[in-house]
Amino acid sequence: MRKIAFVFPGQGAQYTGMGRDFYENFNRAKEVFAIARKVSGLSMEELIFKENENLHITKYTQIAMLTVELAILKVLEEKGINSSVNAGLSLGEYAALTASGGLSIHDALELIVKRGAIMQEAVPTGGAMMAIMGLDNNIIEDICEKTEGIVSIANYNCPGQTVISGEEEAVKNASVALQKAGAKRCIPLNVSGPFHSKMLEEAGKKLAVELEKVEIREIATPYISNVTADYVLDREEVKGLLEKQISSSVRWQQSVELMIVEGVDTFIEIGPKKTLSSFLKKIAPQLTSYHVETVEDLEKLVEIMKID
């Protein structure tokens, strides 16, 4: 018997037309789009299916991504494919929490509208993010600590790929030191702010106010927090962790390693592109992983699960 983890990507994987065939073929997917339209006041069809610049602006990207991820998730569940554990990268954690029963679809989408707006408005000037390739995390952590100004690890993605975030000058100075320490490459990221750094703590406080208005339900299926890379067993912990998540490191590699230790042998990435699947191959190449982005992907997975 497989032990399956559903994993959900974060901001950056979006593209025009994502999720369209699910929308066109499944009423369950259309229902998710309708809820997103109601809570956001936006035409999700225009935002996601028609070429436009808004799709790449944080306050719109986040609702678009979560809508597509939840639409695909609900169709998967309708087909009888379910998980033993859920995890998501950054905004993908909201899809994971919903898949685990902790949030209703309505509340998850409403929250992500507010989160996207808060992050868009709270982004301070003078921030930057940079991908560091081919260097041990301990060295990166040490150099960030020794660098003057705000700079720290934003994402532990997989072996050999880590992202740092913070004040532009501090990120630049850290990258120089990291290259001297042996980093193969330091790649500036085209992002609108220094996400998952201390510079976003104020955004976390604003999100906490919105979180107080939402009911966190009993968690029916285990899910893993980005902040702790551990299972969240008590729903009372959820709001505090989601507040911290905006300004804390995303411990994705550690989250995957925990799932493997706990017996997960099959990962299913739900959503656009294959970002997490590529990380998984570097973290644990021996494990089975699938990606569901299109109806064709879904049909193949259904057939595989029938055989098993």
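How many helices and how many strands does the protein have? The protein has 13 helices and 8 strands, where helices (H or I, at least four residues) and strands (E, at least two) are DSSP runs numbered from the N terminus. This is a predicted model, in which local features need pLDDT of at least 70 and side-chain atom pairs count only at pLDDT 80 or more, while totals for chains, interfaces and linings use all residues. Residues are numbered from 1 along each chain as its sequence is written, and side-chain values use heavy atoms, with hydrogens and water left out.

**The whole protein**

A compact globule of 308 residues would have a radius of gyration near 19 Å, and the protein agrees with this because its own value is 19 Å; the radius is taken over C-alpha atoms, and the globule rule is 2.2 Å times the number of residues to the power 0.38. Taken along the principal axes, the C-alpha atoms fill a box of roughly 55 × 45 × 40 Å. Of the 308 residues, 56% count as buried, a word that here means under 20% relative accessible area, whereas exposed means over 50% and partly exposed lies in between (1.4 Å probe, protein chains only). Among the contacts (heavy atoms within 4.5 Å) with a separation of 6 or more, 74% join residues 24 or more positions apart.

**Helix α11**

Helix α11 covers residues 252–261, and its buried residues are Trp 252, Gln 253, Ser 255, Val 256, Leu 258 and Met 259. In general, an α-helix has 3.6 residues a turn, so residues three or four places apart point the same way. The buried residues of α11 pack against the strands β1 (4–8), β2 (85–88), β4 (151–158) and β7 (266–270), and also against the helices α7 (137–146) and α12 (275–283). Just after α11, Gly 263 takes a positive phi of about 100 degrees.

**Positive phi outside glycine**

Most residues other than glycine have a negative phi, and most peptide bonds are trans. The table sets out two residues that have a positive phi although they are not glycines.

| Residue | Loop | Phi | Relative accessibility |
|---|---|---|---|
| His 196 | between β6 (185–188) and α9 (201–211) | near 55 degrees | 5%, buried |
| Lys 273 | between β7 and α12 | about 65 degrees | 37%, partly exposed |

**Thr 147 and Asp 297**

Thr 147 is found in the loop between α7 and β4. Is Thr 147 buried or exposed? Thr 147 counts as buried because its relative accessibility is 13%. The side chain of Thr 147 reaches the backbone oxygen of Ile 143 at 2.7 Å, which is a polar contact, that is, a pair of N or O atoms within 3.5 Å; within protein, one must be able to donate a hydrogen and the other to accept it, and residues adjacent in sequence count only if both atoms are side-chain atoms. Not counting residues up to four places away in sequence, Thr 147 touches Ala 170, Asn 173 and Ala 174.

Asp 297, by contrast, has its place in helix α13 (residues 295–307), and the side chain of Asp 297 reaches the backbone nitrogen of Thr 294 at 3.0 Å. Leaving out residues up to four places away in sequence, Asp 297 touches His 291 and Val 292. The C-alpha atoms of Asp 297 and Ala 174 are separated by 41 Å, and these two residues are 123 residues apart along the chain.
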